[in-house]
Amino acid sequence: MATLPPLFLPLILFLSFNSSLAALLNLNVLSFGAKPDGTTDSTNAFLSAWTRACASTNPATIYVPKGRFLLRSVNFRGKCNNNAISFRIDGTLVAPVDYRIIGKADNWISFQYVDGVSIYGGKLDAKGTGLWACKNSGKACPSGATTLSFSNSKNVVVDRLTSLNSQMFHIVINGCHNVKMQGVTIIASGNSPNTDGIHVQLSSGVTILNSNIQTGDDCISIGPGATNLWIEKITCGPGHGISIGSLGKDQNEAGVQNVTVKTAKFMGTQNGVRIKSWARPSSGFARNIVFQHIVMKNVENPIVIDQNYCPGNKNCPDQVSGVKVSNVRYQDIHGTSATQVAVKFDCSAKHPCSGIRLEEVKLTYKNEVAEASCKHAAGTISGVVQPTSCL
């Protein structure tokens, strides 16, 4: 077989390199009319860039340069012709100052039926403080919009994104498969209502890593139908902790299983690691859960299973939870409780919690031994466990 002389090799490499460049579609939102002044509506420019990327058969990058880009509610929808669309964001996306403009929508920025979408960097500023004030005043207000939503999608990456002052939930993952979120920063006031950091439901294969969440509700909430979740290196506070639930809101409900929460720190939160369900009939369940290598600092309820969940004690169902909680492992959890009862298992009388395991747990209250409380819960302990187990 004949070989090419060395003179031709640089030419071949040059042509190959340029061919790969031609295969990648680069789209700057400025080219579609977006303005980085924070006041000009850039919604249609972003949608035009998306339409071009979605129609391309080649991988595409939508670039958002430095500056502030005003967006109304925007829905990036598939199915696309390629499964490699990246948003690279150096700037900040801002919501309108008037919270009513996006407050009546379910979502501010949403992705539906997409495959292979990635978001790298950037800030999302939903300007939720106006709506929070409206809600706290007791006036009639819109329910508010989720800042960023992915639904019925797969192979999603969110990397180094910052979400500020969401009206409602910051990030929702619903009906998705294979989602990786890492280096995410979420910030909202500790008294902001319903501003969950990351909510996952009806989804599988979700990984959340190396993220810092400060908010007014759950830092991470795990809803019905969530399976095979891996959550690691999370700092939470202020907020309501990491919660599985609430479950049992509906009688026919998908369960939660195979969830690992590892190497997390809770600082001044209302709860640490929590499983919660309503006291009413349900086909739901929570099983095969691991909470491991966790530090609590001044947390009101460090370890809690609450199967009589009813926030504000208003319109409580006052029945018995049908949700089955089983095989929950608490390993290497230590720190301080802000209340005397540091471990509370308030389980269903109809379906008592089973397979609860406490391993190397040490929680103190004001430098004293804390207490544990159990109802309808059974399990085992190993190693040093403080407070003294009531299982």
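Guide: In this structure, strands are DSSP runs of at least two residues in state E, numbered from the N terminus. The model is a predicted one, and with that in mind we can begin at His-240, which sits in the loop between β20 (227-236) and β21 (242-247).

Visitor: What makes β20 a strand by that rule?

Guide: The run named β20 covers residues 227-236, and a strand needs at least two residues in state E, so β20 qualifies.

Visitor: Why is His-240 singled out, and what does the record say about it?

Guide: In an unreviewed entry, UniProt lists His-240 under "active site", and that label should be read with care because such annotations may be inferred rather than shown by experiment.

Visitor: Which residues does His-240 touch, and what makes them contacts?

Guide: Not counting residues up to four places away in sequence, His-240 touches Gly-216, Asp-217, Asp-218, Cys-219, Gln-270, Asn-271 and Arg-274. They are called contacts because each has heavy atoms within 4.5 Å of heavy atoms of His-240.

Visitor: What makes the approach of the His-240 side chain to the backbone oxygen of Gly-216 a polar contact?

Guide: The distance is 3.3 Å, and the cut-off for a pair of N or O atoms is 3.5 Å, so the pair falls within the limit.

Visitor: How do you know that β20 pairs with other strands, and which ones are they?

Guide: Eight bridges join β20 to strand β18 (residues 204-214), and the two run parallel; eight bridges also link β20 with strand β22 (residues 256-267), again in the parallel sense. Pairing asks for at least two bridges, so both cases meet the rule. As examples of partners, Asn-212 is matched with Thr-235 in β20, while Leu-229 stands opposite Val-259 in β22.

Visitor: What makes β28 a paired strand, and in which sense does it run with its partners?

Guide: Strand β28 (residues 353-365) has ten bridges to strand β26 (residues 324-337), in the parallel sense, and seven bridges to strand β31 (residues 377-386), also parallel. With strand β29 (residues 368-369) the pairing is antiparallel and has two bridges, which meets the minimum of at least two, so this too is called a pair. Tyr-365 appears twice in this picture, as the bridge partner of Ser-337 and as the residue opposite Glu-368 in β29. Between β28 and β29 the hairpin has two residues, and Lys-366 there takes a positive phi near 50 degrees.

Visitor: Why is His-199 called buried?

Guide: His-199, which is found in strand β17 (residues 198-201), has a relative accessibility of 11%; buried means under 20%, so His-199 belongs in that class.

Visitor: What makes the link between His-199 and Ser-221 a polar contact?

Guide: Their side chains come to 2.7 Å, and the limit is 3.5 Å, so the link counts. Apart from neighbours within four places in sequence, the contacts of His-199 include Phe-169, Ile-171 and Gly-223.

Visitor: Why are Lys-127 and Asn-165 called partly exposed?

Guide: Lys-127 has 26% relative accessibility and Asn-165 has 23%; the class lies between under 20% for buried and over 50% for exposed, so both residues fall in it. Lys-127 lies in the loop between β10 (123-125) and α4, and its phi is positive, near 50 degrees, in a residue other than glycine. Asn-165 is in the loop between β13 (162-164) and β14 (171-174), and it has a positive phi of about 50 degrees although it is not a glycine.

Visitor: Which residues of helix α4 are buried, and how do you know on which side they lie?

Guide: In α4 (residues 129-137), the buried residues include Leu-131, Trp-132 and Cys-134. They cover an arc of only 160 degrees around the axis, and therefore they are on the same side of α4. After the helix comes Gly-138, with a positive phi near 85 degrees.

Visitor: How many residues of domain 1 and domain 2 are in contact?

Guide: Domain 1 is 24-188 + 195-207 and domain 2 is 218-311 + 319-390. Twelve residues of domain 1 are in contact with 14 residues of domain 2, and 31 Å separate the two centres, taken over C-alpha atoms.

Note on methods: Residues are numbered from 1 along each chain as its sequence is written. This is a predicted model: local features need pLDDT of at least 70, side-chain atom pairs count only at pLDDT 80 or more; totals for chains, interfaces and linings use all residues. Side-chain values use heavy atoms; hydrogens and water are left out. Helices (H or I, at least four residues) and strands (E, at least two) are DSSP runs, numbered from the N terminus. A polar contact is a pair of N or O atoms within 3.5 Å; within protein, one must be able to donate a hydrogen and the other to accept it, and residues adjacent in sequence count only if both atoms are side-chain atoms. Buried means under 20% relative accessible area, exposed over 50%, partly exposed in between (1.4 Å probe, protein chains only). The arc is that of the directions from the helix axis to the C-beta atoms. Domain bounds come from an automatic or database domain assignment.
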